[in-house]
Amino acid sequence: MIIVLKTNASEEQIQHICDRIEKMDLMAHLSRGTFRTVIGVIGDEAKAQVAPLEALPGVDQVVAIMKPYKLASLDAHPQPSVVDVSGVKVGGGNLAMIAGPCAVEEEERMDRIAAAIVDAGANILRGGAFKPRTSPYAFQGMGKEGLRILRDVGQRHNIPVVTEVMDPRDVELVAEYADLLQIGARNMQNFSLLKEVGDSTRPVLLKRGMSATVQDLLMCAEYILSKGNSQVILCERGLRGFDSYTRNLYDVACVPIVKELSHLPIIVDPSHATGKPSLIPPCALAGIAAGADGVHIEVHDCPEEALSDGPQSLLPSQYEEVMQQMQGLAQLLGKQISPLAGAISS
Ligand code: PEP
Ligand code: MN
């Protein structure tokens, strides 16, 4: 860490800053220039990060050298991490293909959708049992019965399942039923929830908040990693934009940015990012071309009857078509859609 002092910093102020640094068990290395003095802080930067050094009189700027997300950064782990979702590998050239309805609605419907997406080549089944809705009057999800249906359908089709957990008090319950715990965009910075899933042995799918920077996303992943859960998959699902043509603004550049900064796998969710079925296939392909480790798409067999996110759902036949295109692109890039064989849904 480097502390740049103000041009008019006094000797007393410089001494005070050095004293504060030494009190933190760090060393201060003073470098006096013609106009400015800078102080190099030597030692474990994490110790200094917690201190409000910018508030010290005489300080102009504090420049961190280390990334604040230590465990999520490439420095900590130069090879791409591979997350194991009950046998389905995600990352390091293995693609996750997550598909299913926005919400679990009824068992027969879930069965039909699961059969179709497995047939098309998907390797993780999704379905929300606890739904974060803008309106308290909208369908809130089936709760525990939804979890039961999702797990049973997943077992029947031998495919791991992912579902959202919204409340720290539900983590244990959801972890009993799901192979992968989803943290939704609205909860990305729910730190109590992040700590709770950090204590879980289940892998976590962390969706980017709709106004979160890439650094915010990585800091939230750091919460989970720092509790001991190393199985984190990131997800780009669109940001709040100014153009109402799409539901959100798809930030596909976030994928290669994350690859430059972190070893964690990142997938894309063109369903929530665009909100429009016609835009989902091209945006899914763009995500894979940008280096994403998977694609998350909402699929419903009768979108007009869907209890949530019907208008953005692909029909099974549309999903099958985009899956074929994604398979072709994956092959071209030397990647593979993780096979389901060997995956054990719990
Ligand atoms: C969802 O996956 O259905 C969902 C609510 O996603 P997000 O948190 O990205 O809005
Ligand atoms: Mn949805």
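Student: How do the residues lining the largest pocket divide into nonpolar, polar and charged?

Tutor: Good place to start, and keep in mind that this is a predicted model. The largest pocket holds about 240 Å³ of space and is lined by 18 residues. Pro132, Arg186, Arg247, His272 and Asp309 are the lining residues nearest its centre. By class, the lining divides into three nonpolar, five polar and 10 charged.

Student: Which residues are the protein donors of the manganese ion (ligand 2)?

Tutor: Happily, the spacing of the donor residues in sequence gives a pattern to look for: C-x169-H-x25-E-x10-D. The donors lie 2.1 to 2.4 Å from the manganese ion (ligand 2), and they are Cys102 (SG), His272 (NE2), Glu298 (OE) and Asp309 (OD).

Student: And how far apart in sequence are the parts that Cys102 and Glu298 tie together?

Tutor: Both Cys102 and Glu298 are buried. Cys102 sits in the loop between β7 (94–100) and α3 (107–120), while Glu298 belongs to strand β14 (residues 294–298), so the pair ties together parts whose separation in sequence is 196 residues.

Student: Is Thr274 buried or exposed?

Tutor: Let's place Thr274 before deciding: this residue is in helix α9 (residues 270–274). Beyond its neighbours within four places in sequence, Thr274 is in contact with Thr246, Arg247, Leu279, Ile280 and Cys283. Its relative accessibility is 3%, and the cut-off for burial is under 20%. Therefore Thr274 counts as buried.

Student: How far apart are the C-alpha centres of domain 1 and domain 2?

Tutor: The protein chain is divided into domain 1 (2–63) and domain 2 (83–337). Between the C-alpha centres of these two domains, the distance is 44 Å.

Definitions and conventions
Residues numbered from 1 in each chain as written. Chains lettered and ligands numbered in written order. Predicted model: local features only at pLDDT ≥ 70, side-chain atom pairs only at ≥ 80, totals over all residues. Heavy atoms only, no water. 1 Å grid on protein atoms, 1.4 Å probe; cavity = no way out; pocket = protein on both sides within 12 Å on 5 of 7 lines; lining within 4 Å. Points joined across faces, edges and corners; volume = space filled by probe spheres on them. Nonpolar A, V, L, I, M, F, W, Y, C, P; charged D, E, K, R; others polar. Donors = N, O, S within 2.8 Å, 3.2 Å for Na, K, Ca; no water. Helix = DSSP H or I, 4+ residues; strand = E, 2+ residues; numbered from the N terminus. Buried < 20%, exposed > 50% of the residue type's maximum accessible area, 1.4 Å probe, protein only. Domains from an automatic or database assignment. Contact = heavy atoms within 4.5 Å.
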